[in-house]
Amino acid sequence: MEHGHTILRCSNCGTKNRIPVKKLHDGPICGKCRTPLVIEDFDSPVTVTDGTFQREVLFSPIPVLVDCWAPWCGPCQMVAPIIEQLASDYGGRIKIAKLNVDDNPLTASQFNTRSIPTLLVFKNGKLVNRLVGALPKAAIEQHLMSILDKS
Ligand SMILES: [Zn+2]
């Protein structure tokens, strides 16, 4: 488990660069070819589990929005395409993640996601916001913008 560092793969030459988390926002460049490194390619949401939650969410260098959902939940299906859009809109600035609460009961109960859909927002390893219910995209974005403004 690497806390203080993250690995960024160069999109130009493929070199894996080990970057201190503190320098992530200083415009890191590839050590080999000097190409600017992007934090990660988030075209689609990242699936997180009980096993990866700590690494993907709590240790993330950028804020994380976690969509807590289940396959049987109708309103969750309405939120899913919004989550996909947010992933491409905010990729690299906010990590968009999905947690299946049926498959990952430990994390679901830890954050008390009794009613779904629930969107959990984490920043610096702490839960900073909880949005319950199928909200329209604009309402979710409003919360995301306020998180970005504060950073
Ligand atoms: Zn490179």
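**Exercise 1. Judge the overall dimensions of the protein chain from its radius of gyration.**

Step 1. Take the radius of gyration over C-alpha atoms, and apply the globule rule of 2.2 Å times the number of residues to the power 0.38. With 151 residues, a compact globule would come out near 15 Å.
Step 2. The protein chain has 16 Å, which agrees.
Step 3. Add the box: along the principal axes, the C-alpha atoms fill roughly 50 × 30 × 25 Å.
Step 4. Keep the source in mind. This is a predicted model: local features need pLDDT of at least 70, side-chain atom pairs count only at pLDDT 80 or more, and totals for chains, interfaces and linings use all residues. Residues are numbered from 1 along each chain as its sequence is written.

**Exercise 2. State how the 151 residues divide into domains, and what share is buried.**

Step 1. The domain assignment (automatic or from a database) gives domain 1 as 1–39 and domain 2 as 46–150.
Step 2. The C-alpha centres of domain 1 and domain 2 lie 25 Å apart.
Step 3. Count a residue as buried if 20 or more other C-beta atoms, placed from the backbone, lie within 10 Å of its own. By this count, 28% of the 151 residues are buried.

**Exercise 3. List the secondary structure in order, then describe the hairpin of E1 and E2.**

Step 1. Helices (H or I, at least four residues) and strands (E, at least two) are DSSP runs, numbered from the N terminus. The protein chain has four helices and seven strands.
Step 2. Their pattern along the sequence is β-β-β-α-β-α-β-α-β-β-α.
Step 3. Strands pair if DSSP finds at least two bridges between them. E1 (residues 5–9) and E2 (residues 16–20) pair antiparallel over five bridges. His 5 stands opposite Pro 20.
Step 4. Six residues separate E1 and E2 in this hairpin. In the turn, Gly 14 has a positive phi of about 85 degrees.

**Exercise 4. Work out the strand order of the open sheet and place helix H2.**

Step 1. Five strands form the open sheet, in the order E3-E5-E4-E6-E7, with mixed pairing.
Step 2. E3 (46–48) and E7 (126–132) are the edge strands, each pairing on one side only.
Step 3. From one strand to the next, the twist averages 30 degrees. Angles run from 0 to 180 degrees between N-to-C directions of axes fitted to C-alpha atoms, for helices over the stretch in contact (C-beta atoms, placed from the backbone, within 7 Å).
Step 4. E6 (residues 118–123) and E7 run antiparallel, joined by six bridges. Thr 118 stands opposite Val 132 in E7.
Step 5. Helix H2 (residues 74–90) lies across E4 (64–69) and E5 (95–100). H2 runs at about 155 degrees to E5.

Technical notes:
Buried ≥ 20, exposed ≤ 12 C-beta atoms within 10 Å, placed from the backbone. Contact = placed C-beta atoms within 7 Å.
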